[in-house]
Amino acid sequence: MISSCQIDRNDWYIGYQKIVSTVANAKNETDISEQLLWDLWYSRDNYISSLKQGALSKEEFELSKSTLKNITKKIISSQSLVTYQECVEDLQKLKDDGKVKYLHKALLNRVFAVAAPQHFSTTVTKDAFEYICSYFTQKWGV
């Protein structure tokens, strides 16, 4: 399916490859760049998923940068259930401390999806979901 998107949605595929590669390279870095943090947690569309509603405000992003950086490092190091649960707790603390209004699980999910795209995906629009279902039906009769 992704191979077909290389042709059908070339613009998306190039952006997708770039962010996946950037995160993969971050595994060898000691720090998370400001740009990567922005792309993962603030950007409305980072080629992994688009979030219009449920995204961080600029103020929330700025207040949460340190925690988001730590969460990102955890995720890049390990994409386990334990890591996910720890990250949810970290996000809950941001909410409890008044730095964010909501528990941003959709953002967390897309960071997991970019850190390990072979294992995770994110929520999709109805049209994208129907496209994927159609592909699976044609390919495997699901």
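In what follows, Ala, Val, Leu, Ile, Met, Phe, Trp, Tyr, Cys and Pro count as nonpolar, Asp, Glu, Lys and Arg as charged, and the others, Gly among them, as polar. Keep that in mind as we walk through this structure, which is a predicted model.

Let's start with the second largest pocket, which holds about 160 Å³ of space. With the classes above, its lining residues split into three nonpolar, six polar and three charged. The charged ones are Lys18, Asp39 and Asp45, while the nonpolar ones are Ile19, Leu36 and Tyr47. Gly15, Thr22, Ser33, Gln35, Ser43 and Asn46 make up the polar share.

Where do these residues come from? Two helices, H2 (10-26) and H3 (34-42), each supply at least two residues of the lining. H2 gives the most, with four residues. Those are Gly15, Lys18, Ile19 and Thr22.

Now hop over to the surface. Phe136, Trp140 and Val142 make a nonpolar patch of about 360 Å². Phe136 sits in helix H7, which covers residues 126-140. Is Phe136 buried, partly exposed or exposed? Its relative accessibility is 34%, so Phe136 counts as partly exposed; the partly exposed class lies between 20% and 50%.

Ser77 makes a handy contrast. This residue belongs to helix H4 (residues 58-77), and it counts as exposed because its relative accessibility is 66%, with the cut-off for exposed being over 50%. Ser77 also pairs up in space with Lys27: the two are 50 residues apart along the chain, yet their C-alpha atoms are separated by 6.8 Å.

Note on methods
Residues are numbered from 1 along each chain as its sequence is written. This is a predicted model: local features need pLDDT of at least 70, side-chain atom pairs count only at pLDDT 80 or more; totals for chains, interfaces and linings use all residues. Side-chain values use heavy atoms; hydrogens and water are left out. On a 1 Å grid over the protein atoms alone, a cavity is a set of points where a 1.4 Å probe fits but cannot get out, and a pocket is an open set with protein on both sides within 12 Å along at least five of seven lines; lining residues have an atom within 4 Å of a point. Grid points are joined across faces, edges and corners, and a volume is the space filled by probe spheres set on the points. Patches are made of residues with over 30% relative accessible area and no salt bridge: like charges are joined within 9 Å, nonpolar side chains (Val, Leu, Ile, Met, Phe, Trp, Tyr) within 5 Å. Accessible areas come from the Shrake-Rupley method with a 1.4 Å probe; for residues, only the protein chains shown count as cover. A salt bridge is a side-chain nitrogen of Lys or Arg within 4 Å of a carboxyl oxygen of Asp or Glu. Buried means under 20% relative accessible area, exposed over 50%, partly exposed in between (1.4 Å probe, protein chains only).
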